[in-house]
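Please look through the sequence and the structure shown here before reading on. The paragraphs that follow lead you from one pair of helices to a sheet and then to the place where two chains meet.

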Amino acid sequence: MKLLIVDDSLIMRRAIERSLGRSRFTEVHTATTGSLAVDMFERHKPDVVTMDITMPDMDGLSAVDLILKKNPEAVILVVSALADKATAVEAVKRGALGFLLKPITAESIQTAFDNILSY
Amino acid sequence: MEEAILKIFAQSITRYFATVTGGEAVLGTPYLSDNDSESIAFDFSAIIGITGSHRGNIYYTAPREKLHALLPLIGESAPDERLCAELVGEITNTISGNAREQLGAGFMISTPFIIEGKLVSVHAAKDTTCYILPVSWNSHSSRVLVSLQQSPATS
């Protein structure tokens, strides 16, 4: 399985990779902006994407739109600190399969990840 | 307005520490920054600009020792300066984003800007009052600075 982790925070990228377990993936790629995420998605075709929202250059919801245009079957879990209901609803409306609110724990990201894989 | 806003950020920061550390952050009594060049910053600070329904900024500032104590709890076994800077940015981002639960999607947050150095002075956003929320966790102090006013269109 190939994973793409999108977050402008190094701490978060490392925490997500560590929590999900590097060994379960054949490849782990990272991106720090929405536009880099779209490029990385096109280049590496990951099986799953974790996507932050508030990032420089292009935000995560715009990146979700563009990724799903390229591949409507893309599996995307949004991981964000934005706690208003409207944002979570918007993420799912745009095609994300899950929304996980920061701060995360190893357990919360593992559960959310397993949930979206079961779709 | 100030009390309600401070309560929201108090909840956000205590939630952060409860989730990440499993322990409790204790909040001190909020007080006003005097807006002069009082050095209230610790070793690492992050600032997030706020626009939309409110205008101003949110700071989180913490000493190196506190960040070194926190980093292993999120799996970082070798704390260094870069990780300290990253963590303070992530904390500021999280507490600001979490505030949208009560403040709504119109509370627009920027990406964090990191500042290193104890000697950096912190200033409130123009024409706003800056409140300082002391935060204590595991005998380590840090501060949340809230400098906000409602935008004219939403007042």
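Is the crossing of helix 1 of chain B and helix 3 of chain B left-handed or right-handed? The crossing is right-handed, a word used when the near helix is turned clockwise from the far one by less than a right angle, whereas anticlockwise would make it left-handed. Bear in mind that this is a predicted model, in which local features need pLDDT of at least 70 and side-chain atom pairs count only at pLDDT 80 or more, while totals for chains, interfaces and linings use all residues. Residues are numbered from 1 along each chain as its sequence is written, and chains are lettered from A and ligands numbered from 1 in the order in which they are written.

The axes of helix 1 (residues 2-21) and helix 3 (residues 81-98) of chain B come within 9 Å and cross at roughly 130°; axes are lines fitted to C-alpha atoms, for helices over the stretch in contact, and angles run from 0 to 180 degrees between N-to-C directions. The two helices are therefore oblique to each other, the word for angles that are not under 35 degrees (roughly parallel), over 145 (roughly antiparallel) or 65 to 115 (roughly perpendicular). Helices (H or I, at least four residues) and strands (E, at least two) are DSSP runs, numbered from the N terminus. Among the residues that make the contact are B:Phe9 and B:Tyr16 of helix 1 and B:Ile91 and B:Asn98 of helix 3, where contact requires C-beta atoms, placed from the backbone, to lie within 7 Å.

In chain A, five strands form an open sheet in the order 2-1-3-4-5, with parallel pairing; strands pair if DSSP finds at least two bridges between them. Strand 2 (27-31) and strand 5 (98-101) of chain A each have a single partner strand, so one side of each is left without a neighbour in the sheet. Strand 1 (residues 2-6) and strand 3 (residues 48-51) of chain A pair over four bridges, and A:Leu3 stands opposite A:Val48.

Helix 1 (residues 10-20) of chain A has buried residues, including A:Ile11 and A:Leu20, buried meaning that 20 or more other C-beta atoms lie within 10 Å of a residue's own. These buried residues pack against several elements, including strand 1 of chain A and helix 3 of chain B.

Where the chains meet, 20 residues of chain B are in contact with 20 residues of chain A. The largest share of chain B's side, nine residues, comes from helix 3 of chain B.

Note on methods: Contact = placed C-beta atoms within 7 Å. Buried ≥ 20, exposed ≤ 12 C-beta atoms within 10 Å, placed from the backbone.
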